[in-house]
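Subject: Structure for you to look at

Dear colleague,

I am passing on a structure that I hope you will open beside this message and read along with. Please take your time with the picture before going through the notes that follow.

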Amino acid sequence: MVALNAIGYEEIIVGIAPIGFTAPTGLLPKHALFLVRGAAVRRKSDGANPTSTSGMFYAEGTYVDWTDPEKNYQGIIQRAQFVRDANATQNATLVVEYYG
C-alpha cells in the first residue's frame, strides 16, 4: 500500500459558468478526492465545456475518488470543468483535497 500526501484543499462554488480545479498553486497533483455538496453537477475533461445537460453527471452527495496510487489522474484534474446541472435550483460546492 502506498501512502498519499495531502498537498492542498479547496471548496469550489459551481454555478452556470464552467469552472475547474484551482488549487494548489504551483503544484500538479496526481490524485484528488472530492465531494459534491448542495446540488448536482456535470463534468467534462476532454477540453470541451460541460453544459447543464451534457457531461458526466454527479448527484449531490457523490464522493469521487481519484486516489488509486497505481494511476496518475493529473491530466483529468487539470482539464476537468464543472457546471451545475439543469435541474439544480442553487449552486453546488465541490469540497476537494489534492494529493501528490
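Which residue in strand 6 is the bridge partner of Phe34? The model you are looking at is a predicted one, and in it the partner of Phe34 in strand 6 is Val64. That contact belongs to the pairing of strand 3 with strand 6, which run antiparallel and are joined by 4 bridges.

These two strands are part of an open sheet of 4 strands, whose order is 1-8-3-6 and whose pairing is antiparallel. Strand 1 (6-14) and strand 6 (63-66) stand at the edges, and because each has a single partner strand, one side of each is left without a neighbour in the sheet. From one strand to the next, the twist averages 10°. Strand 3, which covers residues 31-37, also pairs with strand 8, residues 92-99, in the antiparallel sense and over 7 bridges; if you would like to find this pairing on your screen, look for Leu35, which stands opposite Val95 in strand 8.

Strand 6 is a good place to see how side chains can alternate along a strand. Val64 and Trp66 point to one face and are buried, while Tyr63 and Asp65 point to the other face and are not buried.

Now please return to Phe34, which counts as buried because its relative accessibility is 1%, under the 20% that sets the limit for that word. The search of the whole structure for aromatic pairs finds 8 of them, and Phe34 takes part in the two that I describe here. In the pair with Tyr58, the ring centres are 6.1 Å apart and the planes stand at 80°, so the pair is edge-to-face. This pair links distant parts of the chain, since Phe34 is in strand 3 and Tyr58 is in strand 5 (residues 56-58), 24 residues apart. Like Phe34, Tyr58 is buried.

The pair that Phe34 forms with Phe82 is edge-to-face as well, with 5.6 Å from centre to centre and 80° between the planes. Phe34 lies in strand 3 and Phe82 in strand 7, so this pair ties together parts that are 48 residues apart in sequence. Phe82 is buried too, with a relative accessible area of 0%. Phe34, Tyr58 and Phe82 are among the members of one aromatic cluster, which also includes Phe21, Trp66, Tyr73 and Tyr98.

What about charged side chains? The count comes to 2 salt bridges. One of them is between Glu11 and Arg37, whose side chains meet at 3.2 Å, N to O. Because Glu11 lies in strand 1 and Arg37 in strand 3, this pair ties together parts that are 26 residues apart in sequence. Glu11 counts as partly exposed, at 42% relative accessibility, and Arg37 also counts as partly exposed, at 37%.

The other salt bridge is formed by Arg42 with Asp85, the closest N and O atoms being 2.8 Å apart. Arg42 lies in strand 4 (residues 41-44) and Asp85 in the loop between strand 7 (81-84) and strand 8, so here the parts tied together are 43 residues apart in sequence. Are these two residues buried or exposed? Both Arg42 and Asp85 are buried.

With best wishes

Technical notes. Residues numbered from 1 in each chain as written. Predicted model: local features only at pLDDT ≥ 70, side-chain atom pairs only at ≥ 80, totals over all residues. Heavy atoms only, no water. Pairing = 2+ DSSP bridges. Axes fitted to C-alpha atoms, helices over the stretch in contact; angles between N-to-C directions. Salt bridge = Lys/Arg side-chain N within 4 Å of Asp/Glu carboxyl O. Buried < 20%, exposed > 50% of the residue type's maximum accessible area, 1.4 Å probe, protein only. Phe/Tyr/Trp six-rings, centres within 6.5 Å; stacked < 30°, edge-to-face > 60°.
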